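Me: I have a model open and would like to go through its labels one by one, asking what stands behind each. Could you walk me through them?

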Amino acid sequence: MSDKSIVIDAIINGEKYRAKEQDPRKNPVHPDEVVGYAPLNTKKDTIKAIDVAHEAFTSWRQSSIDNRVERMKKAIQTIKDRTPEIAELLSREHGKPLYDSEGEIGVSLAWMEFACDNVKEVLENNVEEHDNGGKTIIARDAIGVISAISPWNYPIALSTIKMAPALLTGNTMVLKPSPLAPLAVSKVAEIIADEFPPGVLNLVHGDADVGVELTSNPKVAKIAFTGGTETAKDIMKSASEAIKLMTLELGGNDAAIVLDDFDVEDERAMRRMVISNFLTAGQICMIAKRIYVDRKIYDKFVDKYIEAANKWIRVGDPFDDNVTIGSVNNKKQVEIVQDLIDDSKSKGAEVIKLGKVLDPDLYDEGYFMQPTVVLGADYHDPIVEEEQFGPTVPILPFDGDEHALELANDSIYGLTSSVWGKEEHAIKVAKHIQAGTTMINTAAVQGLDVRFPFGGVKQSGVGREYGKEGLLAYTETHVINLPNDLDLPYIPE
Ligand code: NAD
C-alpha cells in the first residue's frame, strides 16, 4: 500500500463496514501505483444493506420534505468544501485532468441544488375538485428501496444524479459504484450518508455478483442504472422475476451533423466540436461519436477540424495545468478502441493523429491514447456503428439533409446528437433526429443543462434523469379518490 493510498469501507445502516477482501484501484497514468482499496463485498453484505434500507424506508418516507432538503444542503456544503481533495482523488483513480474532475463535481453540485430547490413543487399534491362536490387527490409517493448502479466514466455525477432525487423524495438506497473508479464517489457517498438517518443511504462495492443481488432482490423496488447496453439486458432479465421499476441510462453512438451552411472559419465552433469528441478522452456516453459533414464543405471542414484539434489537444499528466486530455481509464478500454482503429486501417481508412503528447515517457507508462480522426471509413464499419468510448472519431461525408438524417438515425442508439449550421436550418433537421437530446452548434457536456430531462431513446435507455422528470422518476403516482356518488347507479340493488 503506498503512503497516499486510502481504504474505502462499505456503509451499512450508518456504520462503516470493513470487508474481508479489498480490491486495489490502480492509477491508470502510473499503473503500478495503488491509489486506494475498495471493499469486495459479498452477496451477504449486499442483502444486509438491502434489508436495512428496507427497514429505514418505513420512517424515512414519512419525514418532512424540509428535513430532507436541510440534510442534503449540509451535504452539498461539505462536498463544496472538500472539492479539491475529492477532485484530486478522482483524477488519480480515473486518469482524467483535474479541471475535468472539478467540472464533474460542479455538475453534480448544480444538480443536487436543483433537486433541493424543486422537490417540494414536484411532490405537491394535485387536488382535482369534481363538479358534483367530490374530489381526487393525486399524490406522489416514494417508491421504496432503490438500487443505484453507476459506471466509471463520470462516477460522481452519475451517482449523485440518483442519490439526490431518491433521498429527497423519501426513498432509501443502496449504491454500488464501478470497481474501475470506486474511490472518489465513495467519499461523496460517505458525506451524504453522514447527514441522513442510518439505513437511508448504504454503499456496497463489487462487480456483477453484487449487481445481480441488487437487481433481483425482492425488497428492491426500483433500479437506477447507468452503464452499457449489454449489461442493461442482463439487469432486465435479473429484475424480471420480482417486477421492478427502472431508469436505464445506457450506451450511445451520438451523431454530429454538419450542414452545408456551417461556418468552418468559426474557430470557437470548431473548438467546441473538437471538445465534443475528445473531452475525458472520449469516454463520455453523450459525446459526439461519428461526424457526418455535407460533402459540399467536407474537405474544408476536415482541414479546419484538424487545425483546431491540433491546437486544443495536449495529452499528458492529469495534474499538469497545460494538459487537456489525460489517460484512458483502463487497459481493456484502450484495447477496444485500438481494435476499432486497426479494423478501420485494415479496410483502407486513413487514421490521422491529433494534437501533442507532452511527456512521451509518461505516455508509454500509462494507458494513454493520442486522439485520432478516421477518414474514409464505410458507413457500416464498426468504428461508425459501434460505441468506441475513447479518443477516436470517424468523419464521413453526406449528400443532402435527408441523407444525413438517414445516416444519423440508422443506429440502435439514440442518446444525444448535435446539428451544426445556421440556427433555423439546424432546428429543422434536429426535429427529425431520433435522440433524447439534440444540441445546436454545441455538443456533449458543453450543452448539458441539469434543469432539463436527460436520457436516451431506442437502446440508449429507459426513462429520464435531471430536470423535474428526474425527481418524478423516484415517485409513484398515488390517486386518493373521494367521489360524491358513492354508489354507482348501474349496479343493481
Ligand atoms: P458497465 O455496464 O460495464 O458497468 C456499469 C455498472 O454495472 C458497474 O458498476 C458494474 O460493476 C455494474 N455491473 C456489471 N455487470 C452487472 C450485472 N450483471 N448486474 C448489475 N450490475 C452490473 O458500464 P461501464 O463500462 O462502467 O460504463 C461505460 C458504459 O456506460 C458505456 O456504454 C456508456 O455509454 C455508458 N454510459 C451511459 C451514460 C448515460 O447517461 N446514458 C452515462 C455514462 C456511461
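Me: Why is Lys-73 called buried, partly exposed or exposed?

Reply: Happy to start there. Buried means under 20% relative accessible area, exposed means over 50%, and partly exposed is in between (1.4 Å probe, protein chains only). Lys-73 has a relative accessible area of 43%, so Lys-73 is partly exposed. Before we go on: this is a predicted model, in which local features need pLDDT of at least 70 and side-chain atom pairs count only at pLDDT 80 or more, while totals for chains, interfaces and linings use all residues. Residues are numbered from 1 along each chain as its sequence is written, and side-chain values use heavy atoms, with hydrogens and water left out.

Me: What makes Asp-117 and Lys-73 a salt bridge?

Reply: A salt bridge is a side-chain nitrogen of Lys or Arg within 4 Å of a carboxyl oxygen of Asp or Glu. For Asp-117 and Lys-73 the closest N and O atoms are 4.0 Å apart, and the pair is counted as a salt bridge. Asp-117 sits in helix 4 and Lys-73 in helix 2, so to speak distant parts of the chain, 44 residues apart. The accessible area of Asp-117 is 55% in relative terms, so Asp-117 is exposed.

Me: Which helix holds Asp-66, and which holds Lys-120?

Reply: The side chains of these two, Asp-66 and Lys-120, meet in a salt bridge at 2.8 Å, N to O. The pair links distant parts of the chain, with Asp-66 in helix 2 (residues 65-81) and Lys-120 in helix 4 (residues 98-123), 54 residues apart. Helices here are DSSP runs of H or I with at least four residues, strands are runs of E with at least two, and both are numbered from the N terminus. Asp-66 has 48% relative accessible area and is therefore partly exposed. Lys-120, at 46%, is partly exposed as well.

Me: How many salt bridges are there in the whole structure?

Reply: The search finds 23. One of them joins Arg-451 and Asp-449, whose closest N and O atoms are 2.7 Å apart. Arg-451 is partly exposed at 48% relative accessibility, and Asp-449 is partly exposed at 25%. There is also a network of salt bridges that links Lys-16, Lys-187 and Glu-190.

Me: How many disulfides does the search find?

Reply: Zero, over the whole structure. A disulfide would be a pair of cysteine sulfur atoms within 2.5 Å. As for individual cysteines, Cys-116 has a relative accessible area of 6% and so counts as buried, and Cys-285 is buried at 16%.

Me: Why is strand 9 described as largely enclosed?

Reply: Strand 9 (residues 172-176) has five of its five residues buried, so the rest of the structure largely encloses the strand. Thr-172, Val-174 and Lys-176 point one way and Met-173 and Leu-175 the other way, and all are buried.

Me: What makes strand 8 and strand 9 a pair?

Reply: Two strands pair if DSSP finds at least two bridges between them. Strand 8 (residues 145-149) is joined to strand 9 by five bridges, and the two run parallel. From strand 8 the chain passes through helix 5 (residues 157-168) to strand 9, in a right-handed β-α-β crossover. Right-handed means that, with the strands pointing away from the viewer, the path from the first strand over the helix to the second runs clockwise. Strand 9 is also joined to strand 10 (residues 201-203), by three bridges and in parallel. That crossover, through helix 6 (residues 183-195), is right-handed too.

Me: How do you know that Lys-176 has a polar contact with the ligand?

Reply: A polar contact is a pair of N or O atoms within 3.5 Å; within protein, one must be able to donate a hydrogen and the other to accept it, and residues adjacent in sequence count only if both atoms are side-chain atoms. An N or O atom in the side chain of Lys-176 is 2.8 Å from an oxygen atom of the ligand. For the side chain of Glu-387, the distance to a ligand oxygen is 2.5 Å. Gly-227 takes part with a backbone N or O atom, 3.3 Å from an oxygen atom of the ligand.

Me: What makes strand 19 mostly covered?

Reply: In strand 19 (residues 392-398), seven of its seven residues are buried. Strand 19 pairs with strand 14 (residues 288-294) in the parallel sense over four bridges.
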